[in-house]
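Q: I should be grateful for a close look at a single part of this structure. Please explain how that part is placed and what surrounds it.

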Amino acid sequence: MPSIVTIAGSPSAHSRTLGVAHYAAQWLRARGFEVHSINVRDLPAEDLLTAKTTGAIGDAVALLEGASGVVVATPVYKAAYAGALKVFLDLLSQSALAGKVVLPLATGGTVAHLLAIDYALRPVLNALGAQHILNGLFITDKQVQKTDAGGFVIDDVMLERLHGSLTDLAVCLSAVATPPMTPTPMRR
């Protein structure tokens, strides 16, 4: 089964973005995928800003390089994805996403930022060599409620859309993992 890496780009410790990324990881694990998670907030800030690609950052990059699929989850601030995510993506090689299936997910306060996935994030994913970027999913803050217990509840309509996006990722990865059929020689 192909492996998947989720990247949560929120600088906040308890963000809706992180909640959505965790939900995606759990959903994919329940379907037999090996899933690793990178929370950019947990990486050493000084190493990120000085482009030190050893230690924890080197480990994160290695996880990403070994994955077949990537879920990139980011909050949208001022019509663009999070700066913390940008700093991490800047450390990757130009071919870091080559041959990978990528699912972009974004959270934000208003649907006015809906196009940030296509106009801000998608070009960077393309520049990193992603050949197959699935349609992104934008989730408003109202659609992901924080619970008193510290968890999150995604509303039913958005949950159905998220399941559809994750199913698309799973189907694409399963197709990539299935070796092509060897043609049978024709007999005369």
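A: The part chosen here is the residue I7 and the strand that holds it, in what is a predicted model. Leaving aside neighbours within four places in sequence, I7 is in contact with I38, V40, L64, V70, V71, V72, A73, L85 and F88. I7 is also one of the residues with the most contacts inside the largest nonpolar core, together with F88 and L89. That core has 29 residues. Two or more residues come to this core from each of strand 1 (3-8), helix 3 (55-66), strand 3 (69-77), helix 4 (83-90) and helix 5 (116-127). Another core, of 27 residues, lies apart from this one and includes F33, V71, V101 and L162.

The strand itself may be considered next. Is strand 1 largely enclosed or not, and why? Six of the six residues of strand 1 are buried, so the strand is largely enclosed by the rest of the structure. For a residue to count as buried, its relative accessible area must be under 20%. The side chains of strand 1 point in two directions: S3, V5 and I7 face one way, whereas I4, T6 and A8 face the other way. Residues of both sets are buried.

Strand 1 is paired with two other strands. Strand 2 (residues 34-39) runs parallel to strand 1 and is joined to it by six bridges. Within this pairing, T6 stands opposite S37, and A8 has N39 as its bridge partner. Strand 3 is likewise parallel to strand 1, with five bridges between them. Here A8 stands opposite A73, a residue that is also among the contacts of I7. The connection from strand 1 to strand 2 involves helix 1 (residues 16-30), and these three elements make a right-handed β-α-β unit.

Two of the helices that contribute to the core of I7, helix 4 and helix 5, also carry salt bridges. The structure holds two of these. In the first to be described, K86 pairs with D90, and their closest N and O atoms are 2.8 Å apart. Because K86 and D90 are four residues apart in helix 4, about one helical turn separates them. K86 counts as partly exposed, at 33% relative accessibility, and so does D90, at 47%. In the other, the side chains of R122 and D118 meet at 3.2 Å, N to O. Both residues lie in helix 5, four residues apart, about one turn of the helix. D118 counts as partly exposed, at 37% relative accessibility.

Terms used:
Residues are numbered from 1 along each chain as its sequence is written. This is a predicted model: local features need pLDDT of at least 70, side-chain atom pairs count only at pLDDT 80 or more; totals for chains, interfaces and linings use all residues. Side-chain values use heavy atoms; hydrogens and water are left out. A nonpolar core is a set of buried Ala, Val, Leu, Ile, Met, Phe, Trp, Tyr and Cys residues joined through side-chain atoms within 4.5 Å. Buried means under 20% relative accessible area, exposed over 50%, partly exposed in between (1.4 Å probe, protein chains only). Contact means heavy atoms within 4.5 Å. A salt bridge is a side-chain nitrogen of Lys or Arg within 4 Å of a carboxyl oxygen of Asp or Glu. Two strands pair if DSSP finds at least two bridges between them. A crossover is right-handed if, with the strands pointing away from the viewer, the path from the first strand over the helix to the second runs clockwise.
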